[in-house]
Amino acid sequence: MKALYKLVEKIRPTFSEGGKLHAFHSVFDGFETFLFTPNTTQKRIGSQIHDANDSKRTMIMVVLALVPAMLFGMYNVGYQHFLATGQDAGFWATFAFGLLAVLPYIIVSYVVGLGIEFTVAQWKKEEIQEGFLVTGFLIPLIVPIDTPLWMVAIATAFAVIFAKEIFGGTGYNIFNVALITRAFLFFAYPTKMSGDKVFVRTEGTWGWDNGQTLVDGFSGATPLGQIATATEPTTTLTNIVGDPIGFWDAFCGLIPGSVGETSVIAILLGACLLLITGIASWKTMLSIFVGGGLTAFLFNIGGIETAAAQTPWYMHLVLGGFAFGAVFMATDPVTSARTETGKWIYGFLIGMMAIVIRVLNPGYPEGMMLSILLMNAFAPLIDWCVVQVNIKKRLKRSSVK
């Protein structure tokens with residue numbers, strides 16, 4: 001590390017005032033603060049407490065929490081491909097196929113998003129914000145693996161510009177930027193993001209197994225899609241070759257879906273890291289599952305004779321993006337509720353709205369994306385109401401005394 005630090009110090013004058021590359025000072029500063037803890041403090045009067053955990057390192061911890069879902073998602077992409085094409089492949093061949101399929105989405109996400117952020121930072125002569133470290137990792141995990149890369153690029157650019165930079169950059173955005181990317185794809189290209197199509201790479205990637213013919217019995221619907229289109233109140237969920245799937249299959253994640261959303265086990269591993277480090281709120285996570293489970297249970301006993309309403313409440317919690325959204329999306333500290341009581345209300349309403357959308361809107365069987373974005377808009381109001389209630393309680397106690 002000392003050698004790297006000396007190298008940074010050696011090239012610093014080139015990017016400082018008067019240097020040949022001074023115009024790119026923001027880029028240099030971004031990489032320097034990513035590698036080393038900044039030694040500057042705020043110029044304010046009064047004592048301040050500082051430690052090595054700045055926002056960049058917090059973002060890195062979130063990325064590390066996402067790694068299990070990413071790795072499993074890569075394997076599942078390959079698994080679904082070889083299952084659909086009727087081929088037998090070993091672990092490493094399966095994982096390699098998924099890696100090559102997912103990698104272009106990661107590259108496009110970061111190149112487009114960071115390119116825009118670097119440009120804005122240079123234009124405004126400010127430091128490069130670190131928020132896209134997480135957003136750029138999230139986007140490939142929540143889009144279908146068969147989405148054209150140019151669509152992902154356009155949606156990423158739209159989200160970064162109109163959902164983040166226009167509001168002032170990292171920390172000022174009202175809505176979750178990664179979800180705005182998915183929402184843009186959903187409304188602009190609904191055939192790719194409706195939630196009822198199977199998310200399987202049925203053709204080869206970069207020359208791997210191109211032109212394979214799908215096996216007989218290949219199904220074009222995800223489990224949620226099968227529920228939404230079922231004509232009977234009870235339906236048996238199947239995988240892409242017609243084999244039945246149950247709770248354990250959905251919990252493990254070897255089912256069709258977006259890259260990072262299928263394995264609840266991998267998501268829970270990431271949740272443990274976020275909770276241990278104190279980055280995410282357990283109150284928000286728990287209340288989402290409580291709200292979703294309770295709402296689904298009420299539909300189960302409510303007498304509505306549709307497959308979505310009669311799907312067991314516990315299945316709703318492991319299908320689609322419910323668990324992923326609860327752990328990684330709804331807990332975003334910028335766009336979620338910040339008061340302790342507000343976190344319970346915010347999470348409960350997200351879980352409730354997700355199930356309501358799934359059951360009552362068969363045209364969009366997913367539900368989690370829209371419920372989180374809706375509650376992002378209401379999070380400030382929830383916090384305001386909680387604060388006002390606390391103020392009134394304190395005033396009442398003070399007047400009684």
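Is Arg 358 buried or exposed? Arg 358 is buried, with a relative accessible area of 3%. Keep that residue in mind for one of the close-ups below, which all come from a predicted model.

**View 1. Lys 164 and Glu 117 meet in a salt bridge.** The closest N and O atoms of this pair are 2.3 Å apart. Here two distant parts of the chain are linked, 47 residues apart: Lys 164 comes from the loop between helix H6 (149-163) and helix H7 (177-188), while Glu 117 belongs to helix H4 (residues 91-124). Both Lys 164 and Glu 117 are buried.

**View 2. The surroundings of Lys 164, in the loop between H6 and H7.** Lys 164 counts as buried because its relative accessibility is 3%, and buried means under 20%. Leaving aside neighbours within four places in sequence, the residues in contact with Lys 164 include its salt-bridge partner Glu 117. Gly 131, Phe 132 and Ala 159 also touch Lys 164, as do Gly 169, Thr 170, Asn 173 and Val 177.

**View 3. A salt bridge joins Lys 283 to Glu 340.** The N to O distance is 2.8 Å. Once again the pair links distant parts of the chain, with Lys 283 in helix H12 (residues 282-301) and Glu 340 in helix H16 (residues 340-360), 57 residues apart. How accessible is each partner? Lys 283 counts as buried at 17% relative accessibility, whereas Glu 340 is partly exposed at 42%. Take a look at Lys 343 as well: Lys 283, Glu 340 and Lys 343 are linked in a network of salt bridges.

**View 4. Glu 366 pairs with Arg 358 in a salt bridge.** This is where the opening residue returns. The closest N and O atoms of Glu 366 and Arg 358 lie 3.4 Å apart. Glu 366 counts as buried at 6% relative accessibility, and Arg 358 is buried too, at 3%. Side chains of opposite charge can pair when their charged atoms come close.

**View 5. Two cysteines, Cys 272 and Cys 385, in a structure with 0 disulfides.** Cys 272 counts as partly exposed, with a relative accessibility of 45%. Cys 385 is likewise partly exposed, at 34%. How many disulfides does the structure hold? The number is 0.

**Overview. Salt bridges in the whole model.** For readers who would like the total, the count comes to 5 salt bridges. Among them are the pairs Lys 164 with Glu 117, Lys 283 with Glu 340 and Glu 366 with Arg 358.

Conventions
Residues numbered from 1 in each chain as written. Predicted model: local features only at pLDDT ≥ 70, side-chain atom pairs only at ≥ 80, totals over all residues. Heavy atoms only, no water. Salt bridge = Lys/Arg side-chain N within 4 Å of Asp/Glu carboxyl O. Helix = DSSP H or I, 4+ residues; strand = E, 2+ residues; numbered from the N terminus. Buried < 20%, exposed > 50% of the residue type's maximum accessible area, 1.4 Å probe, protein only. Contact = heavy atoms within 4.5 Å. Disulfide = S-S within 2.5 Å.
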